[in-house]
Amino acid sequence: MPSVRKRFGQHFLKDPAVIERIIGAIAPQPGQRIVELGPGQGALTIPLLRQLGELYVVEVDRELAAALPEQCADLGRLHLLRQDALKTDFSAFGPAPLQVVGNLPYNISTPLLFHLLRFPVIRRMLFMLQKEVVARLCAHAGTPEYGRLSVMAQARSQAQHLFDVPPGAFSPPPKVHSAVVELTVAPEASARIENFDRFTELVRTAFSARRKKISNGLKPWFNATQLQQLGISPDARPAELSVGDYIALSNS
């Protein structure tokens with residue numbers, strides 16, 4: 001069995017009850033196109049492939065990738081891509097709806113989520129993440145957890161914290177607690193954003209000056225009068241603006 005590589009942030013899921021619960025949440029059905037990220041030692045891969053008959057997996061670790069085909073022999077068609085998920089073009093997997101699932105390495109989870117949110121072809125994501133990251137994905141405006149990731153995720157999807165997972169469910173156990181989150185992407189939600197690149201840049205700029213008034217943080221684009229015309233207080237901090245406020249700012 002391939003060894004753990006710390007540089008990839010690997011913590012392999014071992015608990016059969018947790019695995020069964022995650023598979024139940026994914027609810028795989030034959031004919032669905034699902035991509036698993038970071039299949040590791042195949043804890044989710046094997047039951048997914050058994051139920052789907054066909055599965056795409058993206059694995060950057062060459063040792064783990066080399067072991068997967070033998071583990072999955074006779075279970076179905078395994079399409080293995082040995083590459084970095086952060087550099088993967090998910091539109092290449094075909095038209096919508098595409099589902100992406102996995103136990104994500106904690107050291108790249110946030111940039112990976114930003115990357116995945118750029119692909120309209122993805123309609124559902126279900127991930128194991130650090131519990132604090134799940135809290136940020138689901139946070140409401142005005143709370144300490146609310147930030148750039150909250151806005152970007154909720155602008156395109158509905159985030160739902162499904163359940164927590166203790167460190168003991170993994171080998172080796174991580175130093176943090178984990179949780180499973182589901183992101184359901186609504187095409188009509190994405191359609192509200194006229195220019196996603198502009199929206200991304202505006203949100204990034206706003207939260208790069210999180211403690212400043214929004215009128216100062218977005219000074220290159222808006223003055224106080226323009227903000228007031230959009231129903232936004234110039235004295236508000238970035239974390240006090242709703243997702244709808246950021247969409248309105250971007251579209252204007």
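Two strands are said to pair if DSSP finds at least two bridges between them. In this predicted model, strand S2 (residues 34-37) and strand S3 meet that condition, pairing in the parallel sense over 3 bridges. Within this pairing, Leu37 stands opposite Val58 in S3. The connection from S2 to S3 passes through helix H2 (residues 45-52), and the resulting β-α-β crossover is right-handed.

Strand S3, which spans residues 54-58, is mostly covered, with 4 of its 5 residues buried. S3 also pairs with strand S4 (residues 77-81): the two run parallel and are joined by 5 bridges. Here Glu54 has Arg77 in S4 as its bridge partner. S3 and S4, together with helix H3 (residues 62-71), make a right-handed β-α-β unit. S3 thus has parallel pairings with S2 and with S4.

Attention now turns to helix H4 (residues 109-116). Because 7 of its 8 residues are buried, H4 is largely enclosed by the rest of the structure. Buried here denotes a relative accessible area under 20%. The residues of H4 that satisfy this criterion are Ser109, Thr110, Leu112, Leu113, Phe114, His115 and Leu116.

Which elements do the buried residues of H4 pack against? Among the strands, they pack against S2, S5 (98-103), S6 (122-130) and S9 (178-185). Among the helices, their partners are H5 (131-138) and H6 (148-156). Strand S2 therefore appears in two settings, as a parallel partner of S3 and as an element against which the buried residues of H4 pack.

Note on methods
Residues numbered from 1 in each chain as written. Predicted model: local features only at pLDDT ≥ 70, side-chain atom pairs only at ≥ 80, totals over all residues. Heavy atoms only, no water. Buried < 20%, exposed > 50% of the residue type's maximum accessible area, 1.4 Å probe, protein only. Right-handed = clockwise from strand over helix to strand, strands pointing away. Contact = heavy atoms within 4.5 Å.
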